[in-house]
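Thanks for coming. I have one model to go through, and I will take the aromatic rings before anything else.

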Amino acid sequence: MPSNTFQYNDVVQHEWVDYNGHMNDAAYAKVFSLAVDAFIEYIGLDEQTRNTLGYSIFTLETHICYLREVLENQPIQIRLQLLDCDQKRLHVFFEMQTEIDGASVVVATSEQMLMGMNMEEGRPSPFPQSVEKNISAIWNIHKHLKSPKQAGRKIGLS
């Protein structure tokens, strides 16, 4: 069983940097997607298990907030907070952090809705028991955490 703290680490790659000299908006989406893949493995759905069970997790919706620039070769860490869950869905919130002037700073966030899928039927399906057990262990800790500032935001001018 995984611990109740998930973290994905990476470094801003050269190909992620745009003409403004910082990480491109599409690269943030890519890194958050890589973090989702790592999280799926973290909760017990590695490639072999996905193939054996015919089960995977899809992203249904995502909302990214860009808070600070991130530069080439800058180390980044992605942490996850489980905001809610049921038998086949996960409402997750990722924070991308880096060190700036000796302090850990949140540079972007990604709020996402993930859905468990029976790949043979192509339909939503409850999490396999072993995965559900890992999700429950995380949820038992995270359900008491305060919701992040960016969670639940909507786009608008007012």
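The count of aromatic pairs comes to six, where rings of Phe, Tyr and Trp (its six-membered ring) pair if their centres lie within 6.5 Å, and planes under 30 degrees apart count as stacked, over 60 as edge-to-face and the rest as tilted. F6 with Y42 is edge-to-face, because the ring centres are 5.2 Å apart and the planes stand at 70°. That pair links distant parts of the chain, 36 residues apart: F6 sits in the segment before β1 (7-11), Y42 in helix α1 (residues 25-42). Helices (H or I, at least four residues) and strands (E, at least two) are DSSP runs, numbered from the N terminus. F6 has a relative accessible area of 5%, so F6 is buried; buried means under 20% relative accessible area, exposed over 50%, partly exposed in between, with a 1.4 Å probe and protein chains only.

Y28 and Y66 also form an edge-to-face pair, with 5.0 Å centre to centre and 85° between the planes. Here too distant parts of the chain are linked, Y28 in α1 and Y66 in strand β2 (residues 55-66), 38 residues apart. Y28 is buried at 3%, whereas Y66 is partly exposed at 42%. F6, F39 and Y42 make up one aromatic cluster.

A word on provenance. This is a predicted model, in which local features need pLDDT of at least 70 and side-chain atom pairs count only at pLDDT 80 or more, while totals for chains, interfaces and linings use all residues. Residues are numbered from 1 along each chain as its sequence is written, and side-chain values use heavy atoms, with hydrogens and water left out.

Now helix α1. Which residues of α1 are buried? They are A27, Y28, V31, F32, A35, V36, F39, I40 and Y42. An α-helix has 3.6 residues a turn, so residues three or four places apart point the same way. The 18 residues of α1 should span 26 Å, taking 1.5 Å times one less than the number of residues, and the end C-alpha atoms are indeed 26 Å apart. At the N-terminal end, N24 acts as the cap, with a side-chain oxygen 2.7 Å from the backbone nitrogen of A26. After α1 comes G44, with a positive phi near 110°.

Next, the core. A nonpolar core is a set of buried Ala, Val, Leu, Ile, Met, Phe, Trp, Tyr and Cys residues joined through side-chain atoms within 4.5 Å. The largest one has 38 residues, and M23, I43, L90, F94 and M96 have the most contacts inside it. Two or more residues come from each of α1, β2, β3 (75-85), β4, β5 (103-118) and α3 (129-142), and α1 gives the most, nine. Setting aside residues up to four places away in sequence, M96 touches, among others, M23, Y28, F32, I78 and V106; contact means heavy atoms within 4.5 Å.

T98 lies in strand β4 (residues 89-100) and is buried, with a relative accessible area of 1%. A polar atom of the T98 side chain is 2.5 Å from the backbone oxygen of P75. Beyond neighbours within four places in sequence, the contacts of T98 include Q74, I76, A103 and V107.

Last, the cysteines. How many disulfides does a search of the whole structure find? Zero, a disulfide being a pair of cysteine sulfur atoms within 2.5 Å. C65 is buried at 9% relative accessibility, and C85 is partly exposed at 22%.

Terms used
Polar contact = N/O pair within 3.5 Å; in protein donor to acceptor, adjacent residues only side chain to side chain.
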